[in-house]
Amino acid sequence: MLIELSIRNLAVIESVHVTFQNGFHVLTGETGAGKSIIIDALSLVAGGRGSADLVRYGSDKAEIEALFDVDSAHPVWEALHRIGVEASREESLVIRREITAQGKSTCRINGQLVNLSMLREVGDCLVNIHGQHEHQSLLKAEQHLQWLDLYGADQIAPVKEAYRSAYRRYSELIKQLRELQENSMQTLQMIDLYRFQAEEIAAAALKIGEDEALADEKRKLSNAEKMFQSASDAYEALYGSGKALDSVGQAMNRLEEIVSYDRTVLQPVLEQIQSAFYQLEDAAYQLRDYRERIEFNPERLEQIEQRLDTISSLRRKYGDSVTEILRYLDKIKHELSVIENKDETIQQLKKQADHELQDMIRLAEALSEARSAACARLSEQIERELRDLHMERTQFKVHLARIEDAGGVEVNGTRVRFTKDGWDSAEFLISANPGEPLRPLSKIASGGEMSRIMLAMKTIFAAVDRIPVLVFDEVDTGVSGRAAQAIAEKMSRLSQSCQVFSITHLPQVACMADAHYEIRKEIEEDRTFTRITPLHGQGRINELARMLGGVEVTETTQHHAKEMLDMAAEKKSLLKAAVST
């Protein structure tokens, strides 16, 4: 849910900070008071496009900040992970948007900078704003199939996933077939290239780890003279006349003479020197043997350098190491085998593709059947919701049809086009009055009818799209009386599963709210300011009275307003009891 909203220097709003609660919220006020600016602020938080025109005159920038509390299993956390925003599922979500007077926009989620498309991806999971005709995904026929699949996900999703697997396999086989069948000249050129490459690598008779071993051997041969000289110098220092071993031997002889008279103190010292003498002597012998094994072989060094040059040349062409070169050799051998046996390979691929096509057709039919069942359930449920909104004779249908395409695959005498979602297209159709034909949603003329239709659909889809904040911007325009009361009750019921905001001019809707905010425009020192005030008690009665009677608030309209609030409280209690059962 949306917990707090802070707005600074947005249009006529200088500074507003509002806290919200669960349930149904209404925002009311005179026309032109700035109610739509609140919707603009929420739209900006959700990733809507902003412009310099939104910045309050004389200000450097507009700032909007929203605090959301979202449960740990909500899809928004997966969206945050996809865009690389680190966020703990146990913490609240803070979204901040700034727009400068020059039109530049800055977006932050929990303090981390994101671009507008990333913010929109997150905002789509949090806020859904519904006006009368604009920006409505439910009005876009190309998205109706996704809405249908979302509605019937329990039965549709498993079949759809199986179909998509078959579609991927079939598409990959068709791609391979096309690559083999296209451009025979290029195929011949590839055969020559692959043969040359394979022969060149095979002729080198490479062994894994060979280059490292050769480089080590080259290093030794290249430095043989230095190694010999150093080993000789070390041996001479230890074993030469008057050198280390002679000195240690003399010291050992002197101590032996002393110890023959006095063993108490110097015996351990003598033993240490004797041990050192024998270790040094052994080290000297090892140095002598190592020196004698050092190889001076210019011819072998030249062979190694030539071999390393060969390997280096192959590495530049085929891989960074001997292992990668040999892996590339295996790959081109396979490609060469496929190309050389092209006709046989094509026949095998066609056979596999035919098998996958039959599997894909079977799954596409099963997917259509699952969707058809969902269409019937969805139509029945929406018509039931519309009856609650006093549109008893309205018909709603989902038109499900195969996508015909002259260049598609022939199935039972008809050429159809397969997509990753199957071979179906879906469109929501409606007839608002008896005798009228079913027409697309976008062709509905009456704003009042559209408002109720969209509210009915939102009531159903809110349970499956899991968007926590729904905003209705004057969807009750064009309705009154019983229809207005039905809309109010429907939004109140909807608020049991998500947080609902509505900008309204109807007292029937306003009285059903759990929280009521007045939007008021004031002028101070020739500057216009918009204020947002939570209404309680008498303040709410007065606002409802204004909505009932216009500018003049009388005792009669106040009495009527209080009576409406009392009846609304009773009605909401019954609605909550019905939902809980």
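This report walks through some salt bridges, buried spots, a charged patch and two loop residues in a predicted model.

Some ground rules help before the tour. Residues are counted from 1 along each chain as its sequence is written, and side-chain values use heavy atoms, with hydrogens and water left out. Since this is a predicted model, local features need pLDDT of at least 70 and side-chain atom pairs count only at pLDDT 80 or more, while totals for chains, interfaces and linings use all residues.

**Salt bridges**

Let's begin with charged pairs. How many salt bridges does the structure hold? There are 36, where a salt bridge is a side-chain nitrogen of Lys or Arg within 4 Å of a carboxyl oxygen of Asp or Glu. Here are three of them, with the N to O distance for each.

| Pair | Distance, N to O |
|---|---|
| E161 and R168 | 3.8 Å |
| E200 and K317 | 2.8 Å |
| K420 and D421 | 3.4 Å |

Take E200 and K317, whose side chains meet in a salt bridge. E200 sits in helix α6 (residues 184-204) and K317 in helix α11, so this pair ties together parts that are 117 residues apart in sequence. Helices here are DSSP runs of H or I with at least four residues, strands are runs of E with at least two, and both are numbered from the N terminus.

How open are these residues? The labels work like this: buried means under 20% relative accessible area, exposed means over 50%, and partly exposed is in between (1.4 Å probe, protein chains only). E200 is partly exposed because its relative accessibility is 22%, and K317 counts as partly exposed at 46%. E161 is partly exposed too, with 43%, and so is its partner R168, with 48%.

Now for K420 and D421, which also form a salt bridge. K420 is partly exposed at 48% relative accessibility, but D421 is buried, with a relative accessible area of 8%. Salt bridges that share partners join this pair with D149, K160, R164, R371 and D424 into one network.

**Two buried residues**

Is T530 buried or exposed? T530 is buried, because its relative accessible area is 1%. You'll find T530 in strand β17 (residues 527-535). Leaving out residues up to four places away in sequence, T530 touches V12, I13, V16, A33, G34, I519, R520 and K521; a contact here means heavy atoms within 4.5 Å.

Y235 belongs to helix α8 (residues 224-239) and is buried as well, at 14% relative accessibility. With the same sequence neighbours left out, the contacts of Y235 are G240, A284, L287, R288 and R291. What separates Y235 from D124? Their C-alpha atoms are 80 Å apart, and the two residues are 111 residues apart along the chain.

**A negative patch**

E299, E302, E305 and D309 form a negative surface patch. Asp and Glu count as negative, and Lys and Arg as positive. One of the patch members, E305, lies in helix α11 (residues 298-318). E305 counts as partly exposed, with 33% relative accessibility.

**Two loop residues**

Finally, which residues have a positive phi without being glycine? One of them is A205, with phi near 45°, in the loop between α6 and α7 (210-222). H390 has phi near 60° and sits in the loop between α13 (342-388) and β9 (395-402). H390 is partly exposed, with a relative accessible area of 27%.

Technical notes:
Patches are made of residues with over 30% relative accessible area and no salt bridge: like charges are joined within 9 Å, nonpolar side chains (Val, Leu, Ile, Met, Phe, Trp, Tyr) within 5 Å. Accessible areas come from the Shrake-Rupley method with a 1.4 Å probe; for residues, only the protein chains shown count as cover. The place of a charge is taken as NZ of Lys, CZ of Arg, CG of Asp or CD of Glu.
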